[in-house]
Amino acid sequence: MPFVLARTSAWRRKACVLGAALLLSLAALPWTSATSSHAATANSGTDTSAFDDVPLNQLSVSGLHNAYEQAKSRSLTKGLDLGAHLLEIDTYSTYGNPGGWVVSHSDPLANDNNCTYTTGSGVFKKTWENGSLRTCLDDLRTWSDAHPDHDPVYLKLELKWGFRSGAGMGPAQLDQLVAKHLGADHLFTPADMLGTAYSTLDEAAKAGAWPTWKELRGKFIVFPITGTIENRLAGYDLDNLSTEEEYAQYVADLAARGQLAHASMWPAMTKPSPQGDPRLIYSPTLRPWFVIFDTQATRWLNDGYSLSWYCGNHYLTVEGSAESVSPAHDDTNPDPVAAAQRVQYLAQQGHSSITTFDWMNTPDAFALWPRDC
């Protein structure tokens, strides 16, 4: 894809410089339809969810923003043990090799996270923190193997300054990394959604072809999104190819060649629009590959978005920063009851497929809810 390779080293040098420099309370609602998602039940696989026969698009789950941060836990998988159904990981395409995907919030050159790996054996065995994305995926694979019937888990990868195809860190290489370290058999992929009945994700979604919660047990659903630094670079005309467009083009090209099975991840659009179909900004060949839409909860609720359009087409919506919806809650330490009510509100009034936040002390906020679409 020539336009993918058109990202020059010149702007990447500028990106490095810029990247381093940039470096309600609601009334109580009924709770009878919720299902606890604590580690002892849903994610451990020891209980059967009341939602087992419900299609994925009709469920609302919640998860952790920046789950890799050590301030949240010394372990990436702690959120899963609490009951989170999404983990978000920030990563930089820095060094140009499988171990070169740096996982950090603001440092593009050094890993700073709670992903761990071991070296040596016996008395010489040592556990290290601050692994690369490869290590984070290995941690998730280990957790998944230990909980083989776990609830489906979304993995959101924010590519802080995008892909670097010219350095061997493009969509194909990230796909291979995800498949190798999470395990291809642990993934629910676009090809799985299409089967032999549908030609695009849009067609499958509109037909209601989403599998049920039970059918997705033991699986991860991975999607990359355009990063914050990449968005700023675009504002300076330093990056004219977003992660979401580049990955969607990769998936569309694979499908055109009959090789969609190589795609480990899902295209996700971070530019939903309150006026009609947001995919119209892209070419007709890319539009049918976006069925996941991600933006802040306040935008979904306050900016005139037609949530009925997303619901009616059976698309998935990701609603971030739940704490910012009025009345605002504390970013990290909210009242647990109010936090749980916020998640329920976003599920039932905001029709959220996935609600995200930074809360670690709110176990009931990880309950599953009907999406009410």
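## A tour of the predicted model

Start by selecting Asp237: this residue follows helix 9 and has a positive phi, near 60°. Keep in mind as you click around that the model is predicted.

**Helix 9.** Now step back and select residues 228-235, which form helix 9; its buried residues are Ile229, Glu230 and Leu233. Look down the axis and you will find these three on the same side of helix 9, because they cover an arc of only 100° around it. In an α-helix there are 3.6 residues a turn, so residues three or four places apart point the same way.

**The whole chain.** Zoom out and colour by pLDDT. The average over the protein chain is 89, and 87% of the residues score at least 70. Residues 1-33 are a stretch to treat with care: the pLDDT there is below 50, although the model gives this stretch 70 contacts beyond near neighbours in sequence. Residues 35-48 also have a pLDDT below 50, with 42 contacts counted in that way. Switch to a cartoon view and you have 13 helices and 11 strands to explore. Of the 373 residues, 55% count as buried. If you draw the surface, the accessible area comes to about 14,700 Å², and carbon and sulfur atoms account for 52% of it.

**Strands 6 and 7.** Next, select residues 220-226. This is strand 7, and seven of its seven residues are buried. Add residues 153-159, strand 6, which pairs with strand 7 in the parallel sense over seven bridges. To see one position across the pair, show Tyr154, which stands opposite Ile221 in strand 7.

**Ser144.** Select Ser144 in helix 5, residues 133-146. Is Ser144 buried or exposed? With a relative accessible area of 2%, Ser144 is buried. Leaving aside neighbours within four places in sequence, its contacts are His150, His186, Gly218 and Phe220.

**Strand 9 and its partners.** Finish at residues 316-320, strand 9, where five of the five residues are buried. Both faces are covered: Leu316, Val318 and Gly320 lie on one side, with Thr317 and Glu319 on the other. Add strand 8 (residues 292-296), which runs parallel to strand 9 and is joined to it by five bridges; here Thr295 stands opposite Glu319. Then add strand 10 (residues 354-357), also parallel to strand 9 and joined by two bridges. Its Ile354 is the bridge partner of Val318. Last, show helix 13 (residues 336-348): together with strand 9 and strand 10, this helix makes a right-handed β-α-β unit.

Note on methods
Residues are numbered from 1 along each chain as its sequence is written. This is a predicted model: local features need pLDDT of at least 70, side-chain atom pairs count only at pLDDT 80 or more; totals for chains, interfaces and linings use all residues. Side-chain values use heavy atoms; hydrogens and water are left out. Helices (H or I, at least four residues) and strands (E, at least two) are DSSP runs, numbered from the N terminus. Buried means under 20% relative accessible area, exposed over 50%, partly exposed in between (1.4 Å probe, protein chains only). Contact means heavy atoms within 4.5 Å. The arc is that of the directions from the helix axis to the C-beta atoms. pLDDT is the predictor's confidence in each residue, from 0 to 100. Accessible areas come from the Shrake-Rupley method with a 1.4 Å probe; for residues, only the protein chains shown count as cover. Two strands pair if DSSP finds at least two bridges between them. A crossover is right-handed if, with the strands pointing away from the viewer, the path from the first strand over the helix to the second runs clockwise.
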